[in-house]
Amino acid sequence: MIEPVFGQIKTGRGIRSFTRRGFDAAAAEWKLIAATHNPRKLHRHLLATAAAPITAI
């Protein structure tokens, strides 16, 4: 079973294959993609909450 994070990264960001050749280059590319996964999710969340209307209790 593929872990959900790998599926989210591949589907949501449209990453189908590595653009660099060689194991070391592909590993470095994957590390960059994985390192930017959570900050991108946080950024999208912050944008969505900033645009949401404030409701009174």
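Helix 2 and its neighbours

Trainee: Where does E29 lie in this model?

Mentor: E29 is part of helix 2. Keep in mind that the model is predicted.

Trainee: How do you know that the length of helix 2 agrees with its number of residues?

Mentor: Helix 2 runs over residues 23–35, which is 13 residues. At 1.5 Å a residue they should span 18 Å, and the end C-alpha atoms are 18 Å apart, so the two values agree.

Trainee: Which residues of helix 2 are buried?

Mentor: They are A25, A26, E29 and I33. Each is called buried because its relative accessible area is under 20%.

Trainee: What puts these buried residues on the same side of helix 2?

Mentor: The arc they cover around the axis is only 95°, and therefore they sit on the same side. On the other side of helix 2, the exposed residues are F23, D24, K31 and A35. The cut-off for exposed is over 50% relative accessible area.

Trainee: What covers the buried residues of helix 2?

Mentor: The cover includes helix 1 (4–12) and helix 3 (37–51).

Trainee: Why is E29 said to have no salt bridge?

Mentor: A salt bridge needs a side-chain nitrogen of Lys or Arg within 4 Å of a carboxyl oxygen of Asp or Glu. For the buried E29, the nearest side chain of opposite charge is R20, at 5.6 Å, so the pair does not meet the cut-off.

Trainee: What does the side chain of E29 reach at 3.3 Å?

Mentor: The side chain of E29 reaches the backbone nitrogen of R20. The limit for a polar contact is 3.5 Å, so 3.3 Å falls within it. Leaving out residues up to four places away in sequence, E29 touches S17, F18, T19 and R20.

Trainee: Why is H37 called buried?

Mentor: The relative accessibility of H37 is 10%, and buried means under 20%, so H37 counts as buried. H37 lies in helix 3. With residues up to four places away in sequence not counted, H37 touches V5, Q8, I9 and R13.

Trainee: What makes A34 partly exposed?

Mentor: A34, in helix 2, has a relative accessible area of 36%. That value lies between the 20% and 50% cut-offs, so A34 is partly exposed. Its C-alpha atom is separated by 9.0 Å from that of V5, with the two residues 29 apart along the chain.

Trainee: And how is F6 classed, buried or partly exposed?

Mentor: F6, in helix 1, is partly exposed, because its relative accessible area is 36%. The C-alpha atoms of F6 and G22 are separated by 20 Å, and these residues are 16 apart along the chain.

Note on methods: Residues are numbered from 1 along each chain as its sequence is written. This is a predicted model: local features need pLDDT of at least 70, side-chain atom pairs count only at pLDDT 80 or more; totals for chains, interfaces and linings use all residues. Side-chain values use heavy atoms; hydrogens and water are left out. Helices (H or I, at least four residues) and strands (E, at least two) are DSSP runs, numbered from the N terminus. The expected span of a helix is 1.5 Å times one less than its number of residues. Buried means under 20% relative accessible area, exposed over 50%, partly exposed in between (1.4 Å probe, protein chains only). The arc is that of the directions from the helix axis to the C-beta atoms. Contact means heavy atoms within 4.5 Å. Lys and Arg count as positive and Asp and Glu as negative; His and the chain ends are not counted. A polar contact is a pair of N or O atoms within 3.5 Å; within protein, one must be able to donate a hydrogen and the other to accept it, and residues adjacent in sequence count only if both atoms are side-chain atoms.
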